[in-house]
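Please open the model in your viewer and keep the selection panel at hand for a short tour of a sheet and some aromatic rings.

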Amino acid sequence: MSKTQVLNERSLQLLKMLVERYISDGQPVGSRALSKDSDLNLSPATIRNVMADLEDLGLVHSPHTSAGRVPTVSGYRLFVDSLLTVKPLESKDLSRLHEGLSLSEDTSDVIGVASRLLSELTQMAGVVTLPKRELVCLRHIEFLSLSHTRVLVIFVTNEQEVHNKIIHTSKVFSPAELQQAANYLNSIYSGRSLDAVRKAVLKELQEDQERMNQGMLDAVKMAQLAFDQDNKKDDYVLTGETNLMGFSELSDMDRLRNLFEAFSQKQGVIHLLDQCMKADGVQIFIGEESGYRAFDHCSLVTSSYSVSDEVVGVLGVIGPTRMAYEKIIPFVDITAKLLGAALNPKSTTPQ
């Protein structure tokens with residue numbers, strides 16, 4: 001039986017009031033304060049009994065010997081899953097998101113803008129992962145000779161993204177040979193993901209060289225150089241992490257040090273964000289739910305974003321467990337939709 005089923009309506013309402021008051025004030029909430037706020041006409045003694053029951057269930061605890069109580073991770077989880085009323089975005093905030101994410105056509109710029117807007121509008125930390133290249137599709141490729149064996153590769157992905165890369169070939173190619181190579185690759189690989197292209201090229205070089213003429217072989221070798229995976233790991237843009245220093249529950253120096261070390265090392269954060277790509281809608285990790293010790297006193301609210309109906313990345317807000325979930329959840333949800341729309345001009349801008 002779930003804790004929601006165990007609790008009666010009165011207990012649930014008092015828990016909701018306690019969580020909302022603690023989120024607002026950041027101070028342990030006493031029975032007398034709940035008695036004044038409640039419209040249930042309950043005495044402080046009755047409320048103390050309810051608080052004791054909630055504490056026995058692990059939903060609240062007393063941080064000190066005082067009568068005041070604060071929510072536990074389980075209390076926040078019950079509140080978010082069953083008691084929370086999400087508020088719609090204010091029109092001025094929605095306008096800022098629309099305007100900010102529609103100004104730039106460059107992917108790196110719009111990713112940075114999304115992270116900054118999340119941070120500025122929530123006064124917490126905004127994080128956006130860069131689109132995963134293996135989920136991005138090749139549309140067109142061209143080769144341009146620079147000098148001797150240096151060749152500029154120009155390839156377009158997802159209809160609008162233009163990438164440039166300089167490769168060093170094993171021999172000098174004429175413009176006609178480069179055009180022939182591009183024509184061959186476009187006819188074979190256009191519309192396939194970069195990851196699929198990379199795997200197919202490797203397979204051809206390993207298994208199918210005997211059936212290929214020299215022009216085809218040269219083209220495939222240049223494609224291997226062009227789409228060779230970078231050593232750089234998938235990354236993210238993080239903005240506003242210093243905002244977290246303003247929250248009393250995160251101001252402990254050891255907690256801040258662990259949190260900022262986690263941000264700088266990135267691997268753990270990337271692993272956590274990658275988990276969010278596998279689920280639909282808004283995902284919320286509260287405290288130790290993340291399984292990542294540096295986030296034990298934080299909550300992470302995330303949503304994936306898509307390009308050409310493929311999930312390619314995740315964005316979110318990092319803040320204290322005492323965050324205004326009813327406001328943060330719609331911020332994250334609509335920003336993810338708008339970012340996907342900005343990266344994919346064929347999509348319809350959400351309202």
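Which residue of β5 does Ser145 stand opposite? Select Ser145 in this predicted model, and the residue opposite in β5 is Val151.

Widen the selection to β4 (138-147) and β5 (residues 150-157), which pair in the antiparallel sense over 8 bridges. Adding β6 (161-168) completes an open sheet of 3 strands in the order β4-β5-β6, with antiparallel pairing. The edge strands are β4 and β6, each of which pairs on one side only, and neighbouring strands of this sheet are turned against each other by 20 degrees on average, direction ignored. Next show helix α8 (residues 175-189), which packs on the sheet and touches β4 and β5, its direction making about 165 degrees with that of β4.

Now turn to the aromatic side chains, where the structure holds 5 aromatic pairs. One of them is formed by Tyr76 and Tyr325, a tilted pair with 6.1 Å centre to centre and 55 degrees between the planes. Tyr76 belongs to helix α5 (residues 73-83) and Tyr325 to helix α13 (residues 325-343), so that this pair links parts of the chain 249 residues apart; both tyrosines are buried.

Then select Phe263 and Phe295, whose ring centres are 6.3 Å apart and whose planes stand at 65 degrees, so the pair is edge-to-face. Phe263 lies in helix α11 (residues 253-265), whereas Phe295 lies in the loop between β8 (283-286) and β9 (298-307), and both are buried. Adding Phe260 and Tyr292 to the selection shows one aromatic cluster of Phe260, Phe263, Tyr292 and Phe295.

Finish at Lys266, which lies over the face of Tyr236, at 5.4 Å from the ring centre.

Technical notes. Residues are numbered from 1 along each chain as its sequence is written. This is a predicted model: local features need pLDDT of at least 70, side-chain atom pairs count only at pLDDT 80 or more; totals for chains, interfaces and linings use all residues. Side-chain values use heavy atoms; hydrogens and water are left out. Two strands pair if DSSP finds at least two bridges between them. Helices (H or I, at least four residues) and strands (E, at least two) are DSSP runs, numbered from the N terminus. Axes are lines fitted to C-alpha atoms, for helices over the stretch in contact, and angles run from 0 to 180 degrees between N-to-C directions. Contact means heavy atoms within 4.5 Å. Rings of Phe, Tyr and Trp (its six-membered ring) pair if their centres lie within 6.5 Å; planes under 30 degrees apart count as stacked, over 60 as edge-to-face and the rest as tilted. Buried means under 20% relative accessible area, exposed over 50%, partly exposed in between (1.4 Å probe, protein chains only). A charge sits over a ring if NZ of Lys or CZ of Arg is within 6 Å of the ring centre and within 35 degrees of the ring normal.
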